[in-house]
Structures are given as structure tokens and as C-alpha cells.
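Here are some notes to read with the structure open beside you. Please take the points in order, and find each residue or element in the picture before you go on.

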Amino acid sequence: MRALISVSDKTGIVEFAGGLKKLGWDIIATGGTMKLLRDAGLEVINISDVTGFPEICDGRVKTLHPKVHGGLLARRDVQSHLDALRENGIEFIDMVCVNLYPFRQTIAKEGVAMEDAIENIDIGGPSMLRSAAKNYRDVTVVCDPQDYGQVLGEIGAEGNTRPETRLALSAKAFTHTAQYDSCIASYLREKAGLEEKLFLDFDIVQTLRYGENPHQQAKFYRGASPVPFSLAFARQLNGKELSYNNIQDANAALNIVREFDEPFCVGLKHMNPCGAAVGSDIRQAWEKAYEADKVSIYGGIVAVNRELDAATALAMKPVFLEIVIAPSFSEEALEILTKKKNLRLLEVDMTRSGERERQLVSVNGGLLVQDLDTETRTVTEAMTVTKRRPDAAQLADMNFAWSIVKHVKSNAIVVVKDGCTVGIGAGQMNRVGSAEIALKEARSKGLTQGLVLASDGFLPFDDTVTLAAGYGVSAIVQPGGSIHDGDSVAKADELGIAMVFTGERHFKH
């Protein structure tokens, strides 16, 4: 029995090849793999001694030869194949152990030259994997070091790998080459400016208990490369398995957290914030966010943008929460919160990244792709469109409100005071309806003056301005852009309200 080994990832390969040698297999190897195995004291056949042809073109051509692919592709149950091998002096190759040049890792390096990327496109490796995988009835194909142990175990126990194992390894090999080729294609297509195809590469994280509802099946996948503010790459430190709805809600919470540099906390329910606040520290931010809506936060999700400390953990402990998300947890905080065995604690990388991120949304039979809405304009006094100009405190609340309202389901209205949400109106079919919900919520807290209101889209009429004035709103931030903007500005001037136009809309459907 003969195995051909040529690997870029040399993890465990010496032990694997040594195990095959002990089981009586001959080892054929190429280039660096051959040197490594020989340096480890293993007897190895040079690929050139099999093909009768030297490696050429700086190693670009070494395994693309009939004595390699004939030995892999010939069917043992077809006499004409056997005759062809005998007539041409070709021997069987019973196993291929190959993994590919590190193309993905190469293009992930900052400032990598296209020439370097091209040189890391493997040609012979995928060809061998595909040949072996196609002939899986007779040939074992191994592309993942995680499979070395199983392969050695089966050969040691039964003399060869099992048929069902060879089928599974074949599927893994074709998956490996498909992912490899799609990565290359995506890279070159981007360089060439081609957009008519989209290749996606995601690996399963877990099979979920169910989807949005118990009768729906669901799975959770993650992309090939880690990104910040990603639940897919979070570390779960405590609690039971995440559900489909948990993942959706936690992702929404992370998108809000990434808006803020100062200490910030958000409570979230059904993908909408139910309380959000900045503070001098995380504990104060939590206390303000909790006080903003004690009812809705029950059974909700909380995310903060600083290490969660013991003081904050003690303040959170009496409240029933599903998930707490932070960039890190102090040892004392973990000791306090892990006593609640079902409380999910998630540690998430919140490092800022300037890279453009895409948002993928499925529709029936299709996929929508857009840039993730990570840009938020700073609200400045220069944006004022009314006679009354906002003061420093109002500008601070306008910026806070503007960063929150973009994460509320449209039509969205957010009312804030002193860096804390005091009323949120989400998802109504008309904007004044959302405003009524948010303003009534603020009034229920006894807040009747000095409020700031933010709208994710323009105010189509002056009715929202009139309503807001009656509830104590003194400043409004909105995108502008309505044909009736003049009416809203005139009404604000009449009622003594400061208004700014950001020129930036933030619909969230």
C-alpha cells in the first residue's frame, strides 16, 4: 500500500506518516514534506522517483503526471484500467494526504502583493485531492489533520479505512477544494471588478434547538474570518445554549454597543433597545439603562462596552436576564454571575475596525447584500435649521439619540434626556404613531420638559413637531429631506424648539 503525502499545514504529519510506516505502508512525498519526514528518520520515496521526471518551474510542476493520477484514478474493478496501468508501468496509490497552499492566510496579510497571492494558488494539490476523492471506493483522501487519528485507527484495526469513512473523507476533500477555489475566485473577481457572482463560505457553529418558533429547524453558521462585534466568534462563559432568537437579539445589541466610545449599556428586547444610557462608568450606565424601562428589560439582553466589574455584576444580579455581553468580565463578576447557571455570559471582541462590513439578508429565492450601517454623522450646531440653536447639553443628547434611533425598527422615534433613553417608539406604520408611544412613555416617568427627540427618517408633516412640543420636547434631530421640511421648521420656530437636519437617514426594516 502506498500513500502520497504533500502538505502545507504540517501539523501532526510526522506522527501520521510514522504510523503508516509502522502499518507497512510506503510513503511518497514532495519537496518540503519529504525533507521534514526524512529529517524525522522516516524512509520516504521522492515523487520524482515515481514519475521519472524532476520537479520543475520552482516546484509548480511535480505531481501533474500520469504515474500519479493514473495510480489514483484507476478503478480496481475495471479490467481495462488495470491493463492500462500494467502496460504503462504505473502502480496504485492508495492514499493521498494533501492540504493546500495557504491562499486565504496570504491574502489576509496587510499590504500583500497580488504576485504573492498568485504564487499561493495551489494547482497540483487540488488535482490530487479531486482524483483521490473521485475514486474514494479504492482510495483514501485526507486533507484535515483532525482525521489522522481515525484513519490510522481503522487501518490498524481492519487493514484499511472503512467504505463509509472514505466517502465522508471524499466529501470533505471536495468541500476543501470548493472553498479554496471560491476564495481564489472571490479575490480575483474583486480585483477584476466583477460582481455578477457571490461566493459565500460559512462553517457551522451549532445546530439550534429550533428556529424563530418551535416548529422551525435552524442552524447557526459563521464566516471564515473573525470580525469584531460578532456573536459568531464570541466566547460563551456561562449558561445554556443560545437559541435562534437569542442570537438575533444579541447581534442587534452588539450593533448598538459599537456606536459608543464612552461607558455605555443597552438593554434589548425583540431586536429593539428598551433602555440605553451612557455613564461615568459601566455601573452608572447600567443603572440608568435599567431605570429607563424596568418592565421591558425583564428576560432581556444586556450589552456593555467595558469590562463588566463586580459592582455592576452585583447590581445586575437581582434582575432576570437572558444574556449579558461584554468585552471581558472580571474574575469577581464571573463569580457573582455564574451562580445563575442559566444566565448566558458572552465575551465578544469589541476592537474597532475600519474595514467595510457587509450585511446579508435572505429573501425568498434570493439574497440582499449591502454595506453594514456603521457610519453615524456627528450632530453639530452647524446643522441647525431653526432660529433657536441647541445648547451643549442638547447637542450631547442629540448625538446620543441619533446613535440609538438608527437601531430601532422604522418608523422609529427615540426620546432622551441626560444621556439616557426615556421613550422609544418602534415599527409603527406612521411616524406620529411612533412619536406618541415614545412621548407617552417619557411622560409616564414624570418627564415633561427638556427632552430631545430623534427620528430615523424625515418628518413628513409638522404634526410630530406639534405633538412633541406638547410633551416637553425642546430639541429635535432628524434627517430632513421632506417636501414639507419648511412646515416642520416653521412649526419648530413657532413653538421655540431647536431642530437640526443631519442629511443622513437610518431606516431599519
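1. A good place to begin is Leu200, which sits in the loop between H10 and S6; please keep in mind throughout that this is a predicted model. Is Leu200 buried or exposed? The answer lies between the two words, because its relative accessible area is 41%, and a residue counts as partly exposed when its value falls between the 20% limit for buried and the 50% limit for exposed.

2. Leu200 belongs to a nonpolar patch on the surface, in which it is joined by Leu198, Phe202, Ile204, Tyr221, Leu360, Leu367 and Val369, and together these residues have about 660 Å² of accessible area. Strand S6 (202-207) and strand S15 (366-371) are the elements that give two or more residues to this patch.

3. Helix H10, which spans residues 163-192, leads back to another part of the model, since this helix lies across strand S4 (95-99) and S5 and runs at about 45 degrees to S5.

4. Which strands make up the sheet, and in what order? The open sheet is formed by 5 strands with parallel pairing, in the order S3-S2-S1-S4-S5, and its edge strands, each pairing on one side only, are S3 (45-46) and S5 (140-142).

5. At the S3 edge, strand S2 (residues 26-29) pairs with S3 in the parallel sense over 2 bridges, and Ile28 has Ile45 in S3 as its bridge partner. Helix H2 (residues 31-39) lies across S2, S3 and strand S1 (2-7), and the helix runs at about 135 degrees to S2.

Technical notes:
Residues numbered from 1 in each chain as written. Predicted model: local features only at pLDDT ≥ 70, side-chain atom pairs only at ≥ 80, totals over all residues. Heavy atoms only, no water. Pairing = 2+ DSSP bridges. Helix = DSSP H or I, 4+ residues; strand = E, 2+ residues; numbered from the N terminus. Contact = heavy atoms within 4.5 Å. Axes fitted to C-alpha atoms, helices over the stretch in contact; angles between N-to-C directions. Patch = residues over 30% accessible without salt bridge, like charges linked within 9 Å, V, L, I, M, F, W, Y side chains within 5 Å. Areas by Shrake-Rupley, 256 points an atom, 1.4 Å probe, with all protein chains shown as cover. Salt bridge = Lys/Arg side-chain N within 4 Å of Asp/Glu carboxyl O. Buried < 20%, exposed > 50% of the residue type's maximum accessible area, 1.4 Å probe, protein only.
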